[in-house]
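Colleague: I am new to this structure and should be grateful for a close look at a single part of it. Could you take me through the place where the two chains meet, and then through what lies inside?

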There are 2 protein chains.
Amino acid sequence: MTTEKIPYKIFLTEDELPKAWYNLRADMKNKPAPLLNPQTHAPMTASELEKVFCKELVAQELDDVNPYIPIPDEILNFYRMYRPSPLVRAYCLEKKLQTPAKIYYKFEGQNTSGSHKLNSAIPQAYYAKKQGLKGVTTETGAGQWGTALAMACSYYGLDCRVFMVKGSYEQKPFRREVMRVYGAGVTPSPSDTTAIGRQILAEHPGTTGSLGCAISEAVETAVNNEGYRYVLGSVLNLVMLHQSIVGLESKAAMDKYGIRPDVIIGCAGGGSNLGGLIAPFMGEMLKGQARYEIIAVEPSSCPSLTRGTFAYDYCDTGRVCPLAKMKTLGANFSPGANRAGGLRYHGMSPVLSQLYEDGYMKAVSVPQTKVFEAAEMFARVEGTLPAPESSHAIRIAIDEALKCKETGEEKTILFGLTGTGYFDMYAYEKFHNHQMDDYIPSDEELQKNFALLPKV
Amino acid sequence: MTTEKIPYKIFLTEDELPKAWYNLRADMKNKPAPLLNPQTHAPMTASELEKVFCKELVAQELDDVNPYIPIPDEILNFYRMYRPSPLVRAYCLEKKLQTPAKIYYKFEGQNTSGSHKLNSAIPQAYYAKKQGLKGVTTETGAGQWGTALAMACSYYGLDCRVFMVKGSYEQKPFRREVMRVYGAGVTPSPSDTTAIGRQILAEHPGTTGSLGCAISEAVETAVNNEGYRYVLGSVLNLVMLHQSIVGLESKAAMDKYGIRPDVIIGCAGGGSNLGGLIAPFMGEMLKGQARYEIIAVEPSSCPSLTRGTFAYDYCDTGRVCPLAKMKTLGANFSPGANRAGGLRYHGMSPVLSQLYEDGYMKAVSVPQTKVFEAAEMFARVEGTLPAPESSHAIRIAIDEALKCKETGEEKTILFGLTGTGYFDMYAYEKFHNHQMDDYIPSDEELQKNFALLPKV
């Protein structure tokens, strides 16, 4: 245990909370490709998007010009209930590893949703309310996004209808119950409440569902109900924008103590956490002001960055959503029994996909047993029980720190601890009982799905 | 939403963390009665207690002279990983209630154990390690104490054996799994690993166990294993001492902004939270320096303060522990299907029992459906999903604030939010499905148990 002047937790004051989100796209030379109409393959217009999404959110989705978007006071007031989140110096982990590296993590799990998802749920509910809507629909896999949205909707007095991937719904009944505490309606997907759900149930009786299918059902429900819109917790540009609060706070806290990270590590499913964490650092890189080593970590069972193709693809199973140009494994890809529900999506944020293609960041994939080993070590020394998703970043942070031990380098490592694992004990149990497999898709499996990509 | 100068969360800096625990007993004129040997009924000596408990903890248990006990640096270093905990101004709850009252809560749920229990688990594990022990044994009901102790033992490299009330073990498998993450062994109680366990199983086949029984098994295991001692997470004087950190921080944070509470509210099971929260405030009252209205809240299914008798009683089912003079419902009392596992103990801290008898505090009891109504309202406006135990305090804080609304008084209310309810979703589900009953023991039931009290 050291007694350096850097405290265990660096808290910003409420006054130091960022007042604007940072829109990384404004500083990208190669902008992410536009969303396309799934029928015509023409770029989606604002008015087309507004049939599905809230008006203000569409404006944010399409804005690749303005670098800073002021955060409305009402949202800032909500943020103040749980933000700024702590930036923690992992002294105990460093000691355990006997590494000269300095490890920091931005901890986003200290709110009831238990994850960073609340950062985007609040503005999405706020803009829906401002537009005078009755409610919103969404999908959830692991349940973190659904919980966050239920909480935000409860606060703003909006109806919230969540389609939860059936496998998750059954394995995580308590996640469902948390959403009920916040007044949300939760339907296992696929369900017989939508045309696409009924079709999938007919084609695949007994299916445990997928995110892509739940998205289709949520969109259908939003479009068919007066006063409803669909909201999404990852992948979209607007989500990256809201999540920039994570990176802005991290950078402000580090700047306060004159700390500069050498390596920045985040888990990557749809990209909401990674995109948020790296935003201001990546901004400096894009402007040639600094260099950081940025590492995206994904499960080897769902390797969209490391083994996916960069192409236009469907975002959902029912093919009702716009096409997005992204690193993708194909909309029909299945990631096996991957216990990190938040890292099971076939595609990756178009912003992050473009940055990866342009060489601004690296990506690695890790098998889940290695991830849970890291999770347990982290829990035992740092106290916090991490979500399986977050533990992907922990794994690589530990590996990087161990490299420093070998080389003697005193690198400063920053990683995103996106949430807690309280609702993932079933997965931990599988790990303890040695019942966890490390599925890795074959090249044939990937090629089979690539062949089904839309011809754009 | 107001924009007063008091922030949502008042955080002390690490430098402002209290450096000593406050030993309330030093300032009590009527000291709590000593523990008695269950055979001889003579006061337990230090050397007798040291056969069961760690040496340094016995010294703390018996010390009713020194008002301040310095916190060792090693413990302070651990505290710094998650303390100071936030003091939150419940602006959103105030707005929802439209009350002129100002409501604050001290939030102890922001660590993996999810509750205030860690505050005493750390010193208890630390002193065990310092004494060169191999490990410790304990019991857990709701699982909060077991989780906290598992975490502390993992940090200090001690073996940790937890006897978990069988009903909880079966209803809360994920609590068990959290303890396993931290390397603890968890045994459902009663078990066939102890003589008392086997005896109880023979007499009551199919029993779901009780805290009193799990205590007996843990003590037996400690005494019969070389290098082991027994530790306890509530009731004892030493636990009240460690938990004083909660009150000391609360008072320091309020003093920083010139805030003075009129009413202080805490839930009370064995008393660890309430005793800690009120410690420095009660100290001022004992010295005649101030007056506060202090309210203990207990479930109407387990009303040790409001309906118990003040007498020496057994602390455990097997009658192997010392006798304690306390407010008690009798060691054979059963609290029905009370979903707040942390508030099911038949007795109350001797310190708090004495203060209650001497008129320094009030107590009220509330039925659990009213508690869950308050819990859900709180979750929806303040965001945090509270533990059922903590929600007892929320219930009365809300009731007090509503009284202020009627009278127009601008009282300042402080309550303890001891933990989060992530592992209590089964109870929330019962509440949502209207399957929760409000058991209230009859006078006859109580008298029957009082008749079994030891003759001292």
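Modeller: A nonpolar core is a set of buried Ala, Val, Leu, Ile, Met, Phe, Trp, Tyr and Cys residues joined through side-chain atoms within 4.5 Å. With that term in hand, please note that the model is a predicted one.

I begin with the contact between the chains. Chain B contributes 41 residues to this contact, and chain A contributes 41 residues. About 4,100 Å² of area is buried between chain B and chain A, and carbon and sulfur atoms give 60% of that area. Polar pairing is also present: across the interface of chain B and chain A, 26 residue pairs are in polar contact, both residues being at pLDDT 80 or more. The count of salt bridges between chain B and chain A is two. A salt bridge joins A:E429 to B:R176, with the closest N and O atoms 3.0 Å apart.

The arrangement of the chains comes next. A turn of 180° and a shift of 0.0 Å along the axis lay chain B on chain A with an RMSD of 0.0 Å. This is the relation of a two-fold axis. The same surface serves both copies, as 100% of the contact residues of chain B recur in chain A.

I now turn to the interior. The largest nonpolar core holds 292 residues, and those that touch the most other members are A:Y79, A:I265, A:F415, B:Y79, B:I265, B:M361 and B:F415. Leaving aside residues up to four places away in sequence, B:Y79 touches B:L17, B:W21, B:I71, B:N119, B:I122, B:P123, B:H242 and B:I245.

The cysteines complete the account. Over all chains, the structure holds zero disulfides. B:C213 is in no disulfide, and its nearest cysteine sulfur, that of B:C321, is 12 Å away. B:C213 is buried, having a relative accessible area of 2%. B:C315 is likewise in no disulfide, the nearest cysteine sulfur being that of B:C321 at 6.0 Å. With a relative accessible area of 11%, B:C315 is buried.

Methods. Residues are numbered from 1 along each chain as its sequence is written. Chains are lettered from A and ligands numbered from 1 in the order in which they are written. This is a predicted model: local features need pLDDT of at least 70, side-chain atom pairs count only at pLDDT 80 or more; totals for chains, interfaces and linings use all residues. Side-chain values use heavy atoms; hydrogens and water are left out. Copies are superposed by least squares on the C-alpha atoms of residues with pLDDT of at least 70 in both. Contact means heavy atoms within 4.5 Å. A disulfide is a pair of cysteine sulfur atoms within 2.5 Å. Buried means under 20% relative accessible area, exposed over 50%, partly exposed in between (1.4 Å probe, protein chains only). Buried area is the accessible area (1.4 Å probe) that two parts lose on being put together, summed over both. A salt bridge is a side-chain nitrogen of Lys or Arg within 4 Å of a carboxyl oxygen of Asp or Glu. A polar contact is a pair of N or O atoms within 3.5 Å; within protein, one must be able to donate a hydrogen and the other to accept it, and residues adjacent in sequence count only if both atoms are side-chain atoms.
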